[in-house]
Amino acid sequence: MYNFFATDIEYLKGVGPAKALLFRKEINIHCFGDLLNYFPFRYIDRSNYLKISQIREDQNYIVLKGRILKVEEKGYARNKRLTAILKDDTGEIELTWFSGIHWIANKVIPGAWLSVFGKPTRYKHTFNLTHPEIEIWDPNTPPSIQEKGLQPIYPTTEKMKNKGLSPKILSLITFHLITQAKGSIPEFLPRNIIERYQLLSREEAYVQIHHPLSIRHMECARQRLKFDELFLLQICILRAKRRIHKHIGLNFHCVGENFLYFFHHNLSFELTTAQKRVIKEIRADTKTGFQMNRLLQGDVGSGKTIVALMSMLLAIDNGFQTCLMAPTEILAKQHFVNFQKFLSKMNLNIALLTGSTPKKERTILLEALSQGKIQLLIGTHALIEDSVIFQNLGLVVIDEQHRFGVAQRALLWAKNSIAPHILVMTATPIPRTLGMTLYGDLDLSVIDELPPNRKSIKTIHFTDHSRLKVFAFLKSEIKQGRQIYVVYPLINESEKLDLKDLMDGYDSITRAFPLPEYAVSIVHGQMKAEAKNYEMQRFLKGETQIMVSTTVIEVGVDVPNASVMLIENSERFGLAQLHQLRGRVGRGSAQSYCILMTSDHLNPDAKERISTMVSTCDGFKIAEADLKLRGPGNLQGTQQSGMLELKIADLVEDEPIVNAARFSAMEILQEDPDLVLEKNLPLAWEMKQSRQDSFWAEIS
């Protein structure tokens with residue numbers, strides 16, 4: 001089947017070699033299909049022009065028509081600006097540009113008739129427009145067909161504008177594409193789905209998204225194209241899940257002596273109902289003969305580690321080795337220490353492998369591992385190195401899995417002739433809609449309750465003016481034998497500045513909490529590993545009462561005696577990170593507190609984040625709020641970012657469409673999992689063209 005949309009963008013009317021190079025370099029458009037899916041980010045209602053006398057302060061963007069009276073260049077060098085006076089039959093308004101002056105000056109000349117689009121601002125009781133978009137307008141010529149309805153405005157760059165690819169020209173070029181494409185846009189959705197959800201045809205949706213006749217036409221087009229994008233994505237996810245579930249796996253046929261001994265003798269507390277449920281789900285998966293791929297999701301302190309450990313004992317009881325990969329050396333060491341404590345009096349060989357493991361010790365460890373003498377290995381990225389060879393790897397546990405890329409995880413999966421079972425864990429609760437998309441290829445287990453001895457952490461917001469009050473509270477906690485975390489932000493873009501903030505804060509703390517009555521530790525990412533470990537050990541042993549730290553403390557330090565988490569400049573942290581930091585306390589039986597220190601003046605987003613933290617400790621509610629504030633692209637870092645680059649759909653706003661798309665995808669695949677029926681061949685072809693399947697094939 002000929003793919004019209006694979007045609008190089010150079011051959012579209014109005015483009016040519018020079019503009020094609022700009023398309024490729026500036027906005028990553030290479031072919032007709034790329035441009036077809038390059039959607040406007042707003043529209044100008046050409047039929048709704050205002051008179052200058054009708055401008056009000058509460059208006060957003062407006063369109064004016066008029067004649068240029070005067071043009072003037074002011075200032076020098078960086079302060080240079082271009083001003084013009086636009087006049088209609090009701091008044092005058094000043095237009096100002098600070099960049100692109102040379103290009104603007106060629107069009108904005110005295111006597112020129114223009115239509116201008118921009119946001120009005122008031123200065124000294126007079127309205128003006130800064131950097132308005134402009135078009136030449138002839139008052140004697142009736143509007144053309146193209147000028148009716150809504151004018152699309154496309155994202156562009158300064159370089160494109162300077163080279164003649166303004167939003168107006170982009171609109172004309174896409175108009176040529178839409179005109180040429182009519183009759184070439186295939187329909188891939190089955191007729192019953194189109195009718196069920198009353199969707200536009202695919203071709204009409206593309207026409208109306210680029211050149212809509214009205215707002216209603218544009219909204220119907222967006223609805224159809226969002227459905228298409230989410231539907232194709234769900235088809236990919238569900239097919240990947242089906243491929244994974246067909247992988248031949250290892251059979252953990254028995255619950256053996258190590259699992260039972262640990263459960264009856266080493267477990268000093270009662271498992272929660274949620275923990276028991278998840279262990280049963282993992283047990284059921286590992287005896288099917290197919291590979292398990294399960295995501296274990298649970299809030300901070302919900303007991304995921306015990307579930308992982310008991311799953312690893314299940315692997316050992318069935319004659320297999322097992323490993324746990326953690327994102328940081330601190331967390332790997334913490335797991336190792338905890339596992340040694342949990343498995344005391346059991347005849348098991350546990351080892352730790354990190355980047356700082358000495359060469360001699362590493363050589364001995366790797367030899368023992370390849371001979372099957374090490375049953376349980378804990379480590380960092382060092383586990384995926386080629387030199388790490390297991391004799392019989394049966395279960396891989398990946399902690400804080402969103403910190404590892406697909407390729408890194410795949411290297412671990414390949415360390416056995418038959419793929420080992422996979423259990424990935426995250427302490428970052430993921431909203432259901434995002435979870436279906438991020439992890440739709442995995443089976444999901446959720447630990448949705450905390451151990452009964454855990455008290456809810458009280459979260460309090462203070463500004464800098466209350467610092468003495470806060471310090472008095474910290475001293476009262478220390479008098480009761482408690483320990484304190486004080487965390488400062490350290491952000492890569494300004495490490496020197498932030499490190500100074502940390503050291504200034506450390507000086508402030510040591511002055512307020514002087515020796516010999518108080519002892520203070522400090523930890524940050526610029527310290528050598530030995531120094532960092534020394535300071536952490538002092539705090540763990542109770543030799544210091546206060547730990548001043550950057551976010552290296554976010555994971556890996558478990559101190560039940562720590563009762564207060566004080567987060568400085570907390571407005572600079574995201575919700576997920578604040579929640580993770582808060583989870584460092586509340587691990588003992590005493591009441592714990594999280595104190596959020598901020599400046600006196602917060603922007604609206606920061607206010608909402610702080611308010612959310614104070615109002616709830618529910619990680620799932622926090623994740624929902626975080627998703628609304630930041631969007632899905634930022635929640636998981638770069639992990640699976642290729643899949644999340646949605647062009648028009650929004651996983652927050654479009655949850656009903658996500659659900660409808662998933663239901664429709666499941667319906668089709670249940671009848672025709674390989675998309676071989678004649679009615680589904682257009683869908684199979686579209687899947688091949690979109691190449692989304694290849695991403696999910698990498699994961700599986």
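# Reasoning through a predicted model

Q: What makes β12, β13, β11, β14, β15, β10 and β16 an open sheet, and in which sense do the strands pair?
A: In this predicted model, seven strands form an open sheet, in the order β12-β13-β11-β14-β15-β10-β16, and the pairing is parallel. The sheet has edge strands, β12 and β16 (443-447), each of which pairs on one side only. From one strand to the next, the twist averages 20°.

Q: Why do strand β11 and β13 count as a pair?
A: Strand β11 (residues 321-325) is joined to β13 by four bridges in the parallel sense, and since pairing requires at least two bridges, the two strands are therefore a pair. One of the residues involved is M325, whose bridge partner in β13 is G379.

Q: Which helix lies across β10, β15 and β16, and what is its angle to β16?
A: The helix is α10, which lies across β10 (293-298), β15 and β16 and runs at about 160° to β16. Helix α12 also packs on the sheet, where it touches β11, β12 and β13, and its direction makes about 170° with that of β12. These angles are taken between N-to-C directions on a scale from 0 to 180 degrees, so values such as these describe helices running roughly opposite to the strands named.

Q: Which residues touch the most other members of the largest nonpolar core?
A: This core has 42 residues, and F262, L313, L343, L376 and I378 are the ones that touch the most other members. At least two residues each come from α9 (257-266), α10 (273-286), α11 (304-317), α12 (329-342), β12 (350-353), β13 (376-379), β14 (393-398) and β15 (421-426). The largest share, ten residues, is that of α11. Beyond its neighbours within four places in sequence, F262 is in contact with L267, I306, L309, M310, L313, F342, L343 and M346. There is also a second, separate core of 34 residues, which includes L12, I29, L35 and I209.

Q: Why is the contact between R202 and E686 called a salt bridge?
A: The side chains of R202 and E686 meet at 3.2 Å, N to O, and the limit for a salt bridge is 4 Å, so the pair qualifies. R202 lies in helix α7 (residues 202-210) and E686 in helix α25 (residues 681-690), so the salt bridge ties together parts that are 484 residues apart in sequence.

Q: What makes R202 buried?
A: Its relative accessible area is 8%, and the class of buried residues takes in everything under 20%, so R202 belongs to it. By the same cut-off, E686 counts as buried at 11%.

Q: Why does the pair of D448 and R277 count as a salt bridge?
A: Their side chains meet at 3.8 Å, N to O, which is within the 4 Å limit, so the pair is counted. D448 is in the loop between β16 and β17 (458-463) and R277 is in helix α10, so that distant parts of the chain, 171 residues apart, are linked. At a relative accessible area of 54%, D448 is exposed, the cut-off being over 50%, whereas R277, at 33%, is partly exposed.

Q: What is the distance between the closest N and O atoms of R467 and E568?
A: These atoms are 2.6 Å apart, and the pair is therefore a salt bridge by the 4 Å rule. R467 lies in helix α16 (residues 467-479) and E568 in the loop between β21 (562-567) and α19 (575-582), so parts 101 residues apart in sequence are tied together. The two partners are not alike in accessibility: R467 is partly exposed at 22%, while E568 is buried at 4%. Elsewhere, salt bridges that share partners join E187, R202, R224, D228 and E686 into one network.

Q: Why is β21 described as largely enclosed by the rest of the structure?
A: Six of the six residues of β21 are buried, so the description follows. On pairing, five bridges join β21 to strand β18 (residues 483-487), the two running parallel, and V487 has I567 as its bridge partner in β21. With strand β22 (residues 593-598), β21 pairs in the parallel sense over four bridges, and M565 stands opposite C594 there.

Q: What are the mean pLDDT of the protein and the share of residues that reach 70 or more?
A: The mean pLDDT is 85, and 89% of the residues reach 70 or more. Over residues 633-643, however, pLDDT stays under 50.

Definitions and conventions:
Residues are numbered from 1 along each chain as its sequence is written. This is a predicted model: local features need pLDDT of at least 70, side-chain atom pairs count only at pLDDT 80 or more; totals for chains, interfaces and linings use all residues. Side-chain values use heavy atoms; hydrogens and water are left out. A nonpolar core is a set of buried Ala, Val, Leu, Ile, Met, Phe, Trp, Tyr and Cys residues joined through side-chain atoms within 4.5 Å. Buried means under 20% relative accessible area, exposed over 50%, partly exposed in between (1.4 Å probe, protein chains only). Contact means heavy atoms within 4.5 Å. pLDDT is the predictor's confidence in each residue, from 0 to 100.
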